[in-house]
Every structure is written in C-alpha cells, then in structure tokens.
Amino acid sequence: MSNSIPATSARYAICRYPTTLIDIWRNKRGEQFVLRPVLPQDKPLLQEFYSSLSPLSRRMRFHGAVNALSPSTLNYMSDIDYDHHLALVVTFVNEGVEIIVADARYVIDASQRGGEFAIAVSDVWQRRGIAERAMTGLCKAAKLQGLDWLWGDVLMDNGAMLGLMRKAGFYQSAAGEESGMVRVERNLAKATAPVKTHKPGPLGLLAQWLVAGRSYA
Ligand SMILES: CC(C)(COP(=O)(O)OP(=O)(O)OC[C@H]1O[C@@H](n2cnc3c(N)ncnc32)[C@H](O)[C@@H]1OP(=O)(O)O)[C@@H](O)C(=O)NCCC(=O)NCCS
C-alpha cells in the first residue's frame, strides 16, 4: 500500500459479504452484542465510535494523536471489499439505537499470506470480553480466507493489548529497536510462529499517515 489512503469510493465493490462471521452473544451481565462485518452504511456509526474513543485509546490504536475521521478515511474504513480488507464491528442496541462498541480489521500484507490487524473497543465497554470475542472472529475470518498468520504492531506501553494478545495465543517480539513497538503474531495453523518481517504493513502506513496529519478531518 502506498503512503496514502486509496480512493475507494469510485471503485468500491463487495467481493462477498461474509455472513458466516456474524456472531451474537450475551456476556455475564446479560448484555447482548453482535459481531458483524462492516457495511458502507456504517460510516456515521464508525465516525461516532472513533470520535468517542479517549485520546489514550486513539493513541494506542493509531500509535499517535489523531482526531476525527475525514470522509476519505471513513470510506476506506467502511467500503470493505472482503477480499483484501476485512472489517468487523461489535454493536450494541440501546433502546432501539445501534451503536458500535468495537472495530477489528485486517488488511492482507504484501506477502499475500498474512494479514495486519488492528482493534479498538470503546473505553466504557472495555473489560467485558468484547476484544477477545472480536479477535476470535478475526482469526476465524483469516483462516477461512486461507491466510497463514495475523500480525500487528502494539505500543510497548499498551499493557491491555499485550495482555489480550497473550491470552489470545499471539507470539510477541520487538518490532524494531527504536520503534517502541512490540510485534505480535499468531500462526493460524499452529499456536505460535516466528516473526517474518519488521516493516510496517498497510494499517501501520495508514496510521503513520493519519498521525502525520494529526487528524482525519
Ligand atoms: C486492548 C483492548 C482492545 C482490549 O479490549 P477489551 O474488550 O477491554 O478486552 P477484553 O475484555 O476482551 O479482555 C481480554 C483479556 O485481555 C487482557 N486485558 C484486557 N484489558 C486489560 C488491561 N487493561 N490490563 C491488563 N490486561 C487486559 C486480559 O487478559 C483480559 O482477560 P480477563 O478480562 O479475563 O483478564 C482495549 O483496551 C482497547 O481498545 N484499547 C485501545 C485501543 C488499542 O490499544 N488497540 C490495540 C492496538 S492494535
């Protein structure tokens, strides 16, 4: 991926809407969540979700300070082809109104065998098992797509994410001495696997682009 957001809106087409990834569950508090693939009409909900994240959560997600989503970034995040880019959201319905409480996605990397993933959960909805469930869905999707591994870069001070990764069976290694990141990776066939590369992937490049602009807007 080049260091800019692809202009997706003109050429956008869903390859195949993966209904098999839909997952509905209740947590111990009795709250019901739906994990489902993202649709183009999710743009306003995604905008609201990312705007509602605390500055700390946004820093953890994008590895720097970013503000609101611009229309082109929103297109990139919601016009998903389910071929190169797969995105899932977790939603909750409150008094008939659906809100997004988590976003988890991967983009196939240059090797075509791995996917770089990223995830975020709304601050007020954290520690309710949502990310763990979403990661299970993401791994299932990647396996169904025939990918060999999922990987991501996590800031070294992101204890929550590193804890989640340990629990989800991801292998960890330094992602580069000066980067301040940990590379996490899970081989989808085996429990753990060696790290293949330390270069930033598609989502890493998008995050760098956003942080450089300090804003999506
Ligand atoms: C990291 C993050 C996705 C975790 O989401 P979550 O829904 O709160 O996580 P879960 O409730 O599914 O937690 C699963 C496990 O992860 C670990 N974990 C989650 N939050 C943790 C925390 N704050 N401290 C330590 N471990 C934590 C625990 O092992 C937890 O299992 P447990 O609850 O049985 O102890 C969430 O904190 C977040 O969105 N952070 C901001 C964005 C971000 O950091 N994204 C990652 C960059 S790719």
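Among contacts in the protein between residues at least 6 apart in sequence, what share joins residues at least 24 apart? The share is 65%, where a contact means that the C-beta atoms of two residues, placed from the backbone, lie within 7 Å. The structure is a predicted model, in which local features need pLDDT of at least 70 and side-chain atom pairs count only at pLDDT 80 or more, while totals for chains, interfaces and linings use all residues. Residue numbers start from 1 along each chain as its sequence is written.

The protein has six helices and eight strands. Both are DSSP runs numbered from the N terminus, helices being H or I with at least four residues and strands being E with at least two. Along the sequence they follow the pattern β-β-α-α-α-β-β-β-α-β-α-β-β-α. Of the 217 residues, 35% count as buried. A residue is buried if 20 or more other C-beta atoms lie within 10 Å of its own, exposed if 12 or fewer, and partly exposed in between, with C-beta atoms placed from the backbone.

The eight strands form an open sheet with mixed pairing, in the order 1-2-3-4-5-6-8-7. Two strands pair if DSSP finds at least two bridges between them. Strand 1 (23-26) and strand 7 (171-174) are at the edges with a single partner strand each, so one side of each has no neighbour in the sheet. On average, neighbouring strands of this sheet are turned by 25° against each other, direction ignored. Such angles run from 0 to 180 degrees between N-to-C directions, and the axes are lines fitted to C-alpha atoms, for helices over the stretch in contact.

On edge strand 1 lies R26. R26 counts as exposed because it has 9 C-beta neighbours inside 10 Å. Leaving out residues up to four places away in sequence, R26 touches E31 and Q32.

Further into the sheet order, strand 3 (residues 85-94) pairs with strand 4 (residues 97-108) in the antiparallel sense over 10 bridges. Within this pair, V93 stands opposite E98 of strand 4. Helix 6 (residues 202-213) packs on the sheet and touches strand 4, strand 5 (114-121) and strand 6 (149-155), its direction making about 50° with that of strand 5.

Strand 6 is largely enclosed by the rest of the structure, because six of its seven residues are buried. Strand 5 and strand 6 run parallel and are joined by three bridges; W151 in strand 6 is the bridge partner of E116. Between these two strands the chain passes through helix 4 (residues 130-144), in a right-handed β-α-β crossover. Right-handed means that, with the strands pointing away from the viewer, the path from the first strand over the helix to the second runs clockwise. Strand 6 is also joined to strand 8 (residues 181-187), antiparallel, by seven bridges, and there W149 has N187 as its bridge partner.

Away from these strands, helix 3 (residues 71-78) has T73, L74, Y76, M77 and S78 as its buried residues. Their cover includes helix 1 (43-52) and strand 3.

The ligand is surrounded by 23 residues, the closest being M60, Q126, A131, A160 and G163; a residue is near if its C-beta atom, placed from the backbone, lies within 6 Å. Helix 2 (55-62), strand 5, helix 4, strand 6 and helix 5 (159-167) each supply at least two residues of this shell. Helix 5 gives the largest share, six residues.
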